[in-house]
Amino acid sequence: MLTPHQQKAVTLDDHLALTANAGSGKTFVLSRKYLEAAIKLDGQVSSIAAITFTEKAASELYQKISELIDNEIKETRDNQRIKVLEKIRRNLVSAYISTIHSFCIDILREFPVEAGIDANFTPIDQSLANELLELAVEETIDEYFNDTSRSEIVKRLLRYFSRKSVLQKELMSLIDDRKNVLKVKEEIYSKSDEEIIKNFNEKFEIIFNEIWSYYENDFIHSLKKINNSVLANNLKSDFALNIKYHLEEFERNRNPIELLQNIKKNLLTDKHEVRKQKYLVKDLQTSLEREIRIVEKTFSELEMFTRVSDGELYPDLIKLAREMLMLFDRTLQLYEIKKKEESYIDFEDILLFTKELLKNQDVQSYISSKFRYLMVDEFQDTNELQYEIFLPILDYLKSGKLFIVGDEKQSIYKFRDAELEIFHKTKDDIVKERNLSHLMELPDSFRMNEEICLFTNYVFNRLFEKDIPLFGELKNVPIVCAKEKKRDGEICFLISKGDEENPSQAELVAGKIIQLVSTENYNFGDITILVRKRKSFDELEKIFIKKNIPYSIIGGRGFYQRQVINDIYNYLSVMLNQEDDAALVGILRSPFFTIPDTTIFEISLQPGKSIYDKLKNFPDKGRLEKVKQVLQTHIDLSASLTLTQLLNQILSDTGYLAVIHNRIDGEQEIANIKKLFSLSRNFDSKGYRNLYDFVNSLKEAVQSVEDEPQAAVSSALDAVQIMTVHQAKGLEFPVVILFKTEDYGQSAKLKSKSIFVNKHLGLLAKIPDPNNPTGDYVSLPITQLNDFIEKKKNLAEIKRLLYVAITRAKEKLFITAEIKEDKEPNKESFIYLLKDALNFDFENDILIEDVLEYLVQKENKFINEKKTLEIKIPVIHNAEFINETVEKAVDTRSERKYIIQKYQEKEKSQMISATRISVYSQCPLKYHLTYNLGFALLNKLLPQWKDSSKIYNEYYFDEDIFTDNVIENESETLTILKNSSIKSEKIGEIIHKILQLELDESETLNFIKRQVKQIDINEITAEETINQISDLIKTFRETEVFKEISAYKNYKNEFEIYLKKNSYFLHGILDKIIFEKNKILIIDYKTDDVDEKSVSQKFEEYSNQLKFYLYISSQLFNDYEKFEARLIFLRMPDREFKLNYSSENISELKNEISAKIEGIVSNSFSKKLNHCNHCQFSTAGNCVVN
């Protein structure tokens, strides 16, 4: 039975925009409208297009329509209607029920010639598109470099972005957003610089005045009321008299920025609070509390405009934009050529080609006549490009019937280019073509209990106060409760105080879950935990494993970075290239063969050019003989089997799946392997790509595609589900737990060395300050304006994300947060928004009372009722079941731990760092063993192996510490065994971070405590470590060396230097670089435990790094005459170690470093025997390599 609102929407056979609250049955209405339209068309479903946001949604819509048809056939007695319904059912298989991309592909297939594309075009995935785009970007930069007439352009851009990789990334982003880049190129950058500057100034004034209009009335009224009250109390108050004068001045000149600047000086303290001393006496503070809050909030939001510059650097911004557009044009041209050669089109092409195709009058007329109905689901997630496709299909609403349905309050995909204003724009189009009666709502929710409905309305009536399209702000549409009550609802806050005396959030959540399952008749599968960030998964996993709570992570990130994927990638790499030593070592160590590292080291000592040759020459006739046979069999088969067949053979012969299945995360990893098989079958279906292509694409994904979700695990499992709020959209659960609501995202503020595309304002960026070349980049007025709008839009989307999270709950809602004493939550966190809306203090229970509207069914009809409802919301700091653990059967799985970390892959373009130069300087052969043959791990573990032959059984490696860049970390001491008393690398990181951030004494101690807390050590060791670091920093700060360094004004900490030389790149990170008159001074801190005997030797070891830094700096800053590097051992800071060069002898340094670089790139790896006594690739002072 349809509700009155649903009936009204289904009945209107015309253009309609439907706004649907959460749980209101919008998909049911969409499927019902589809069926009614199909019946009106006598079953001709080819005249209806139904567009959904995802393939899954399309599948669900198809299923719902099929079920509706079946039900109608069973219930109707009208034979003619039955015939039409049966016709619809037959035709449904060819219906246009799909995503926008699938729909557009069908149109392009029909008109390839008119679209200007190959009739046999192939849509390509993002991975292949990125591969082609990277090549185009690389070629563009090289082309500019090698062209003397254009080389200065790319050099300037490299100086601006500091690194080639950043320039490459920005160019790729511009290509990805080419629809907007092409728009601003045509509309803005086709004009002269003077016209663009004029446009910037006009846009700033118009938009800022609109912004000011949203604040002016409340701000001016509140300010006058405060100031008049002060004057009534003290007529001689200088502050009040000045404020009165500026208010009167504002009435004359209407300059809001000038007003804000002048009022700020007189009204606010340094903390941006209304001053009390000599202005607001205590008696007035309480009575003017509301007005004070309005004034302070206005200043906190508009404060950036009191510091707005005059735009004198606009020419620099325009020049940067024009030069980026030059590279953009050439990159896009090369990218298009590469795609055209293979008849490829990418995802963005699909829409862009369709948009351009619809400009063809004949095509547009044909398609308009073909489609009588266009229905679009989740319309709040569309963008302008999609709008420019939809509207021409219906001849701009002059023909056909448009039905759009969505909920602006659930628009949460701004990061995917969703534009909320398109929903508003399309509504306006419908109203202009028809009238307001064609805008409807579905306010009734059949999902949530009355308690959650009341809570949702109460919160969002305050968070969604009014429509402000510029900011993405909305007016709330209250939920009408239409759910028949079966269970009491509950809302509860679980607040952790974030200290050792109280339970953590994860412990509170675990305790609450155990309580729900133990005492309230819920299953684990009824409970879902929602988070904003995937990194929160780890904390929950640890406590759930500890408490034996079954759980399933939905869409955990990093599919391609999972170890099982890396293992399979390594195996396939060996099939292609038996000289890929890193890959072979990886699979030998992995669950494919589980060969101990000690044995691998013994293999490496055998004769042979590669590890594979050495393996074949290894004399062992037992287990290793079987490994050799299996590998050779698979290598032979790899040339004749399909990729999927080969994977099947490998997994079958090695027993890999059995090992993985018996791990704690076995279900998830088996699902990931199945997903890889699905990808391989899809790859095989292409027919024209081979194993080499697959391995290459997999390598790219492993290195760069970090957000690919892991495979879904069966939801039939009775397990707590963990997912992000975005993943939960469109779903509902009996119990929802919002975890870590104090989390917040990245600032919307434009970062230095990046380009932001605003399709109305242009290409925006921060610009270097010509008066301070090494200082922070500065924002221009138009950039500040963009930052402000983006920040407001970002906050509005966070509110909508919170709305989505809360409205997933059907019966119970638990909200967790960590709130530390005297620390306000971040304003962009969920908990801050809830605190603001509920006005609570995180300590006392909350009582809310409000009127709730109900939709109830009486005597076969729906009626609306209202009643006042009061609910109590507990604020809990401890859970009843906090110390309980779920009982489970004895786990009979093997306790064996496998050493399966991956080895570092060789880079496509060789990157040479200071550490690599240092290792090569010690011994070229050591460099070869460490980097080219992948024995960094052996290099680190050899001392332990000498002491214990049982190390493999006793220890396992800490994946958090031993990463692919063991050597590249440049740690003075690196401990990678979990049983170590302290992780020295972490200590070094903490010390360097303190010096980088220049923390004061109290900040230093707090920072050390926070960082040490993250190290897996006992309390006594932690206290010792805190004191050790604190004393070291304190002692250093008292030295003359520190005072001298601190006196310099023009410097950068943690400064990254990057230099392209021929086919390789030089890269380093300087602890501190100082720019002093005609001199560059580099400071390098070391935390080594040195003494009088060893300190000079250590300096000799590190001197090659310093020379490398000096060499790059001399190339980058060649207008300086002197270059000095100082090495400061923090344990002996007064010992002076320096290297000095000038423009007169810098060529000596250049020759020395160039010779070492040449040795690396030309694979010259001789022995340096005088290093053997200090090398871990030696025994008794003799090199292990014959």
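Visitor: Let's start with strands: in which sense do β12 and strand β15 pair?

Guide: This is a predicted model, where local features need pLDDT of at least 70, side-chain atom pairs count only at pLDDT 80 or more, and totals for chains, interfaces and linings use all residues. Residues are numbered from 1 along each chain as its sequence is written, and side-chain values use heavy atoms, with hydrogens and water left out. Helices (H or I, at least four residues) and strands (E, at least two) are DSSP runs, numbered from the N terminus, and two strands pair if DSSP finds at least two bridges between them. For β12 and β15 (residues 733-738) there are four bridges, and the sense is parallel.

Visitor: Which residue of β15 stands opposite Leu530?

Guide: Leu530 is one of the residues of β12 on the side it shares with Thr528. Across from Leu530, in β15, stands Leu738.

Visitor: And which residue of β14 stands opposite Thr528?

Guide: β12 also pairs with strand β14 (residues 720-724), in the parallel sense and over four bridges. In β14, the residue opposite Thr528 is Gln721.

Visitor: How many residues of β12 are buried?

Guide: Buried means under 20% relative accessible area, exposed means over 50%, and partly exposed is in between (1.4 Å probe, protein chains only). Ile527, Ile529 and Val531 are buried on one side of β12, and Thr528 and Leu530 are buried on the other. For the strand, residues 527-531, that makes five of five.

Visitor: Where is Leu802, and which residues does it touch?

Guide: Leu802 sits in helix α34, residues 781-806. At 0% relative accessibility, Leu802 counts as buried. Contact means heavy atoms within 4.5 Å; leaving out residues up to four places away in sequence, Leu802 touches Phe460, Leu463, Leu738, Phe830, Leu833 and Leu834.

Visitor: What does UniProt place at Ala20 and Ser24?

Guide: UniProt positions are given in the numbering used here, feature names are shortened, and annotations may be inferred rather than shown by experiment. Ala20 is in strand β1, residues 16-20, while Ser24 is in the loop between β1 and α2 (26-40). In an unreviewed entry, UniProt lists both among Ala20, Asn21, Ala22, Gly23, Ser24, Gly25, Lys26 and Thr27, under the feature "binding site".

Visitor: Are Ala20 and Ser24 buried or exposed?

Guide: Ala20 has 1% relative accessibility, and Ser24 has 3%. Beyond neighbours within four places in sequence, Ala20 is in contact with residues including Lys26 and Leu442, and Ser24 with residues including Gln6 and Leu442. Ala20 counts as buried, and Ser24 counts as buried.

Visitor: How far apart in space are Asp377 and Ile51?

Guide: Asp377 lies in the loop between β6 (373-376) and α19 (384-393), and it is buried, with a relative accessible area of 8%. Not counting residues up to four places away in sequence, Asp377 touches Lys26, Leu30, Ile51, Thr52 and Val405. Asp377 and Ile51 are 326 residues apart in sequence, yet C-alpha to C-alpha the gap is 6.1 Å.

Visitor: Which residues does the helicase domain annotation cover?

Guide: The UniProt annotation, from an unreviewed entry, reads "domain: UvrD-like helicase ATP-binding". Over that stretch the chain is 65% helix and 8% strand, and the end C-alpha atoms are 20 Å apart. The annotation covers residues 1-449.

Visitor: How many disulfides are found in the whole structure?

Guide: A disulfide is a covalent bond between the sulfur atoms of two cysteines; here the test is a pair of cysteine sulfur atoms within 2.5 Å. The sulfur of Cys1172 is too far for a bond, because the closest cysteine sulfur, in Cys1183, is 5.2 Å away. A search of the whole structure gives a total of zero.

Visitor: What radius of gyration does the protein have?

Guide: There are 45 helices and 29 strands in the protein, and 54% of its 1186 residues count as buried. The radius of gyration is taken over C-alpha atoms, and the globule rule is 2.2 Å times the number of residues to the power 0.38. A compact globule with 1186 residues would have a value near 32 Å, which agrees with the protein's 33 Å.
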